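Let's take a friendly walk through a protein model, stopping at a few spots along the way. Keep the structure open beside you as you read.

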Amino acid sequence: MAKYPGKVQKKRSKAFVINDPEDETLEVQANVRTIPGIITQRGCTYAGCKGVILGPTRDVVNIVHGPIGCSFYAWLTRRNQTRPLTDEDPNYMNYAFSTDMQDSNIVFGGETKLKKAVKEAYEMFKPHSIAIFSTCPVGLIGDDVHAVAREMKEELGINIFGFSCEGYRGVSQSAGHHIANNKIFTNVVGINETKEVKAKFRMNMMGEYNIGGDAFILEEYFKEMGVELVASFSGNSTIESYEYAHQVDLNVVMCHRSINYIAEMMEKKYGIPWFKVNFIGAEATAKSLMKIAEYFGDAELIERTKKLIDREFKRVEEVVTKVRPKVEGKKAMMFVGGSRAHHYQELFAELGMETIAAGYEFAHRDDYEGRRVIPNIKIDADTRNIEDITVEKLEEQFRPELQERKAELEAKEFEFENYDGMMPDMRKGALVIDDISHYESEALIEKVKPDIFCAGIKEKYVIQKHGIPLKQLHSYDYGGPYAGFQGAINFYLEMERMLTTNVWKMIDAPWKQEPDIVGSVVTEYC
């Protein structure tokens, strides 16, 4: 911190915590504006709304109202995978839809161009639904995407809805998650009352985005267990499944930050309980699968789940035995989004590796300290930019039997609607950092010399120039999957490959030995 100006130093120091799992008074500054001039890892509100929540959904045409660069940035076929049931099923993830706003649209308004784009998309693809996303220029000039959505919905007869997710609306992509959750809940969830889900055990999975094919593995586990996955918010997903997602008996939440809002709202309106799960790491996967089976309370389901776990653990242990001696004791740092900086500590621990520093790009305090601190979190002006919707119990569709089941299980210390956060699971003395900057990352590397650094594409090449391998946990470097038991095996082998190579010791930037550019400055005084 010493190199920062005084005010910057004071603010940034609050985002650094030396962890102590037993000290409940520790407080980390989170979800506040990034200081101008600091190179942050964060994304914008639009990125969280379109890129994270709606981007992986294959049967909705996502039209970005703004310059083409915004649309290209959130074109996610390179990281979120999907698998239509048949060749005839719609899949629009391969396309980047944009109004491509030009200077004249900024001056005279772009609503006419947006209407034309919606019509054109409908005529070409006949989609089930169309979503419209606002970017920064749209908010600045005042285009009303919601009015356009209502007008075009009336004209075309399909579900069309808009998002006020201008990039500047929140301090990070977290605001975009919240905005997307609100709109999906109010405009999509529960609108299909004709489709009936008849499976005995019905569940939604939330906050799993099928990066590298993670969801494909988990779907196979659920199928083997006998649990019907009705909707996934939003990896390998369809907007159509969201419409009848209210018919399930349980919601499980993987990424707490991005999707806890819908889980809470569905419980208030329909009575569907939810709890936190983690499918990153073999131990965590086993615990999560057993918790799902125990929730449904069926003896045959529990037995099938146990057999699945026993079979897969034999494969896991075989690889761990081979890899662990080669990487044990290595030090890792993780600064990524969602719950990944927490979840991936499970994988490193299974290899005997130590996480010495970790943090999130867009977390709130409850992601670090646990949901117990939510009542004490100050609501700031940026949070008030997000629409606050009121959710009420829907009597005719509320499921009291699910709440009764929840109460019975809670009496047996079964935990619902809770997340203890990352800090209680980190060792004493580990460093917790929110919204780490480019300079802070380099300073940490120089002081601590980790064996591996986990972050995103923006940080990758800078870190590697220090002779430190970087593993992308946003897009997996086109690797993966890393979820479930098979994903754990894949990750173990990836760590063996990355941490036992000697190439990183050979990296030495040429300017350290001899500068490429030599110059001089002559100053004349009058």
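Here is a short tour of the cores, strands, surface and salt bridges of this predicted model.

## What sits inside

Let's start with the inside. In soluble globular proteins, nonpolar side chains tend to be buried together. Here, the largest nonpolar core has 120 residues, and the members that touch the most others are F163, F222, F233, I292, F485 and Y492. Helix α13, residues 299-327, gives the most to this core, with nine residues. There is also a second, separate core of 18 residues, and I63, Y92, M101 and I130 are among them.

Want to zoom in on one of those well-connected residues? If you skip anything up to four places away in sequence, I292 touches M203, F222, M225, V227, L250, V252, F275 and F279.

## Strands under cover

Now find strand β2, which spans residues 60-65: six of its six residues are buried. Its side chains alternate, with V60, N62 and V64 pointing one way and V61, I63 and H65 the other way, yet all are buried. Strand β2 runs parallel to β4 (residues 129-134), and six bridges join the two. If you look for V61, its bridge partner in β4 is I130. Strand β3 (residues 97-98) also runs parallel to β2, joined to β2 by two bridges. There, V64 has S98 as its bridge partner.

Strand β6, residues 202-208, is mostly covered too, as seven of its seven residues are buried. Six bridges join β6 to the parallel strand β7, residues 228-234. Within that pairing, M205 is matched with S232 in β7.

## A nonpolar patch outside

Not every nonpolar residue is tucked away. I106, V107 and F108 make a nonpolar patch on the surface, and together they have about 350 Å² of accessible area. Is V107 buried or exposed? V107 counts as exposed because its relative accessible area is 61%, and the cut-off for that word is over 50%. You can find V107 in helix α4, residues 103-108.

## Salt bridges, far and local

The count of salt bridges comes to 30. One of them joins the side chains of E440 and R12, at 2.8 Å from N to O. This pair links distant parts of the chain: E440 is in helix α17 and R12 is in helix α1 (residues 6-13), 428 residues apart. Both E440 and R12 are buried.

Other pairs are more of a local affair. E312 forms a salt bridge with R315, with their closest N and O atoms 2.6 Å apart. Both lie in helix α13, three residues apart, which is about one turn of the helix. E312 is buried, with a relative accessible area of 7%, whereas R315 is partly exposed at 33%. Another salt bridge brings together the side chains of E328 and R324, at 3.2 Å from N to O. E328 is partly exposed at 47% relative accessibility, and R324 is partly exposed at 29%. For a group rather than a pair, look at R202, D249, R399 and E401, which are linked in a network of salt bridges.

## A proline in a loop

Last stop: P450. Where is P450? P450 sits in the loop between α17 (438-448) and β13 (452-455). P450 counts as buried because its relative accessible area is 3%, and the cut-off is under 20%. Leaving aside neighbours within four places in sequence, P450 is in contact with K331, M333, I445 and I468. The C-alpha atoms of P450 and T355 are separated by 9.3 Å, although these residues are 95 residues apart along the chain.

Methods:
Residues numbered from 1 in each chain as written. Predicted model: local features only at pLDDT ≥ 70, side-chain atom pairs only at ≥ 80, totals over all residues. Heavy atoms only, no water. Helix = DSSP H or I, 4+ residues; strand = E, 2+ residues; numbered from the N terminus. Buried < 20%, exposed > 50% of the residue type's maximum accessible area, 1.4 Å probe, protein only. Contact = heavy atoms within 4.5 Å. Core = buried A, V, L, I, M, F, W, Y, C linked by side-chain atoms within 4.5 Å. Patch = residues over 30% accessible without salt bridge, like charges linked within 9 Å, V, L, I, M, F, W, Y side chains within 5 Å. Areas by Shrake-Rupley, 256 points an atom, 1.4 Å probe, with all protein chains shown as cover. Salt bridge = Lys/Arg side-chain N within 4 Å of Asp/Glu carboxyl O. Pairing = 2+ DSSP bridges.
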